[in-house]
Amino acid sequence: MLPFFYLLLTSFGLFGQKTTVSGWVVDANSFEALEFVHVVFKGSSRGTSTDTLGEFFLQTEDTFELVAVSFMGYKSQVLEIEPGQDNYLEIFLVAEEMALDEVVILPDDEPVRKLLLKVQDNLQRNNPDNLDSYSYQRYSRWEYQINNVTDRMRNSRLFRDAQGAFKYTDDSTRYLPVYFSEQLVSNQFQKNPRRHLSVIEADHTKGLGMLEESEIAGLTAGLEGGVNIYESSIRFLGHNFISPLAPNGWFYYDYYLLDSIPTQTGFDQLVRFVPKRKGDNTLRGEMIIEDSFYSVKAVHAKLSNTAHLNFIKQLTIDLTYQLVNDSIPFYKSFQLNTVVDYSPIETRKDQRVELKAIQLRNYSKVEIGLEEEVKLSHRNLTYESQRTVNWYNRGDDFWEAVRPNDLSDYELTFMASIDSVNQLGMIRFLDNIAQMAITGYYDFGKWELGPYDYLLNFNEVQGTHLFLGGRTGREISENFSVWGGVGYGTRNKKWIGRLGAGYLFPSSRRTILKVEYTDDIIQIGENERILLLYENKQHSSESNLLSFILQRRTLTELQQRHRFRIEAEREVRTGFNVSSSASLVRMHSPEFYPFLSNDQNISKIEGAELGVNLRWSWDEKFYDHGFRRLYLGTPQPIINLSLSLGMTQVGRGSEPFSRIHASLKHHFFTGQARLNYALEGGLVFGAVPYPLLDIPRANQTYGFQTYNYNMMNVMEFMHDRYIRVYAEYRLNGFLFNRTPLLRKLNLREVITFKGFVGDLDERHSSLLDYPEQLAPGNTRPYGELGFGIENLFRFFRIDAVWRATHQWDSSAVGLRVRMEIRI
């Protein structure tokens, strides 16, 4: 939602751009920080000097490509920078040569090594995630603002009536607040048996349009624990970062003992950690270690290099721990500051979109070693998220009592500004466009137009496909919705349509009942099982305007289908959903692939089917907006199991059948690389006409699709027993970042593999003859391999895909392209 909203704002060219240069200057021999080093933009008098830690920061709106670094007794340096970008420099100054040969004495790192060895010895004991049981109350706050607002934006017609919405930082930078949220959550956790109860006590949100009306579950409840420095790897932003406390930390970092600060119980040791190399997913900063239990008290860190991360200009982490009962480390506070640049291109040197996001967390009422077991609503649950009765309607008195600190005048005016921005007509329009990208519908108030990807299409059966549809809006009802639409094909001169209704029950557990009738043109073999992997698709159809524009082969495998369907969905408990359906279907003989039985024409086939789908997920984040749920991911597997039974009728004969289908989707990290994979498998019992067999999803476009076979044509294969695998290994620049000529391009490597093995019994051909284009090697394993380069212009990916088997009908190698927004 947020990336799309700010990309829309980019088209108005309303944001200013600055060149920033920050970094650290040290002696090349001793690695000691150098103070008072002069750093200036070359050819100007604009500059600064390093502080006691050797750090500096420069900023300008003018165009400079070089900075000069100088210090008495050291050789000067001139370094290249990128104008209009955030530049980070690690500068190693070399001392001037002396007349006499010098003896170079390296700094003694023995004290810091001994200290870190003791930290490693106590690492498992001090890691809060290793505690057997605990409870705490957590206050969280999120603030989003658009930075670097120019006079052009402020004086534009868009904000002419909301001048008071703009605010200023301490350095006079103008910004626009867009989102504020605070939440109070109580958590209880025990390890054996594993149980985690998260209760949302209160939530207070102010944001643009649907940001205020929607909830991101998991992310704002108890599932997102933030950063834990005790872990060997720290995962956020979809990447894996090496912790400075990792057992192999000396391979990635240099450590410096900066100071020893006396306390009542001993000394606090201040340790700096600095990455050894550029290109690694590492952090840079300082941490304080107390010498009684050798636990970490505080960490201040930032990403050592954001060049290989899309959109991220700057990221800093501040983390503190507390000693519970004077001996057990636990989280105390956490703050994450992120500056994001969503601009896809730079049309002018002084334009940029920049979003600043602040996330705060404070932990209180911590208890270690619970006397009673954590109680969930069902004994088989491991995690459950609940809400108190009035969690969304807490008053000001409540919030004043639970906040760790009173809101400042800055934060109060921040919230007030969001209200005034929300009233602007153009902002509401842009917000509706962003909302349409999520829900599929444009909101006109009482009526919503859509789905947008179904309004216009072209295919060989219908010619030009026109469709006008919509649904009732939330102004009519928050829980009840009616939707429908009519369409027309200019070639076949046939009308199509749909009509449905649904009810979202007012329950803490998501419960939906839907009834729908459709008369539509669909791809042969199309079914809802595709939504088990493409979970955020609007619907199961893969025929739309974009697929027509990118088509590499004309799609003629289309048929008319009438279907009446009743569906119920129930979130039985957090992470476990059950949906059931009953449907009646009539499929008409396709124009280009007529139904035949023993070479005799069959005008239609009919069927009825009852089905149930069970979905398991753990620690999952999702976004709810009315009937629409957008899944945001989980580090754990997602499992679906579908069971169905039905009856088909071909001609005068009828046959019973049943079906089992299962899928698993997961990912894991290997260093900074990430492997995404999915598995599918199924069985069909009884005899069915071939459109009801499992037909592998083919991609007949030049676009790259994750869970479709990109080098396959429709109806080349069909099975009643099958296993499929999809694998994607994202190296995240592991090789390119170590290649000098490619490092600055910030490209990333992707390796893909897709394959399946299946079988097909001849009993199904007794109902309908198999189509002629069915591959003669239908039961032989199929596979395709690909190598891709992503992060081209930050938004594009190109894959070269090789069809390793069954090479008689398609080109063996093809190029596929995709646009994606990834950090």
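1. Burial and make-up. Of the chain's 823 residues, 54% count as buried. The model is a predicted one. The chain holds 11 helices and 44 strands. Among contacts with a separation of 6 or more, 64% are between residues 24 or more positions apart.

2. Confidence. The average pLDDT of the chain is 84, and 88% of the residues score at least 70. Residues 10–16 fall below 50, yet this stretch has 27 contacts in the model beyond near neighbours in sequence. Residues 98–106 also stay under 50 in pLDDT, and for them the model has 2 contacts beyond four places in sequence. Any reading of these two stretches should keep those scores in view.

3. The three-stranded sheet. Strands E4, E1 and E7 form an open sheet in the order E4-E1-E7, and the pairing is mixed. Its edges are strand E4 (55–60) and strand E7 (86–93), each of which pairs on one side only. On average, neighbouring strands of this sheet are turned by 20 degrees against each other, direction ignored. Strand E1 (residues 19–27) pairs with E4 in the antiparallel sense, over 6 bridges. Within this pairing, Thr-20 has Gln-59 of E4 as its bridge partner.

4. The four-stranded sheet. Here 4 strands form an open sheet with antiparallel pairing, in the order E3-E2-E5-E6. Strand E3 (47–49) and strand E6 (77–80) each have a single partner strand, so one side of each is left without a neighbour in the sheet. Neighbouring strands of this sheet are turned by 20 degrees against each other on average, again with direction ignored. Strand E5 (residues 66–70) is joined to E6 by 4 bridges, and the two run antiparallel. Ala-68 has Val-78 of E6 as its bridge partner.

5. Nonpolar cores. The largest nonpolar core comprises 62 residues, and those with the most contacts inside it are Leu-176, Ile-229, Met-287, Val-296 and Phe-330. Strand E19 (residues 312–324) gives the most to this core, with 6 residues. Leaving out residues up to four places away in sequence, Ile-229 touches Ile-234, Ser-243, Pro-244, Leu-245, Val-296, Val-299, Leu-319 and Tyr-321. Another core, of 47 residues, lies apart from the largest one, and its members include Tyr-454, Val-461, Phe-467 and Ala-698.

6. A loop asparagine. Asn-281 is placed in the loop between strand E16 (267–275) and strand E17 (283–290). Its relative accessibility is 2%, so Asn-281 counts as buried, the cut-off being under 20%. The side chain of Asn-281 reaches the backbone oxygen of Asn-240 at 3.1 Å.

7. Strands E43 and E44. Strand E43 (residues 796–803) and E44 run antiparallel and are joined by 7 bridges. Arg-797 stands opposite Arg-818 of E44. Side chains alternate along strand E44 (residues 813–819). On one face are Gly-814, Arg-816 and Arg-818, which are buried. Val-813, Leu-815, Val-817 and Met-819 point to the other face and are not buried. The arginines of this strand are thus worth a look in the model: Arg-816 and Arg-818 are on the buried face, whereas the valines Val-813 and Val-817 are on the other.

Conventions. Residues numbered from 1 in each chain as written. Predicted model: local features only at pLDDT ≥ 70, side-chain atom pairs only at ≥ 80, totals over all residues. Heavy atoms only, no water. Pairing = 2+ DSSP bridges. Axes fitted to C-alpha atoms, helices over the stretch in contact; angles between N-to-C directions. Buried < 20%, exposed > 50% of the residue type's maximum accessible area, 1.4 Å probe, protein only. Polar contact = N/O pair within 3.5 Å; in protein donor to acceptor, adjacent residues only side chain to side chain. Core = buried A, V, L, I, M, F, W, Y, C linked by side-chain atoms within 4.5 Å. Contact = heavy atoms within 4.5 Å. pLDDT = per-residue confidence, 0-100.
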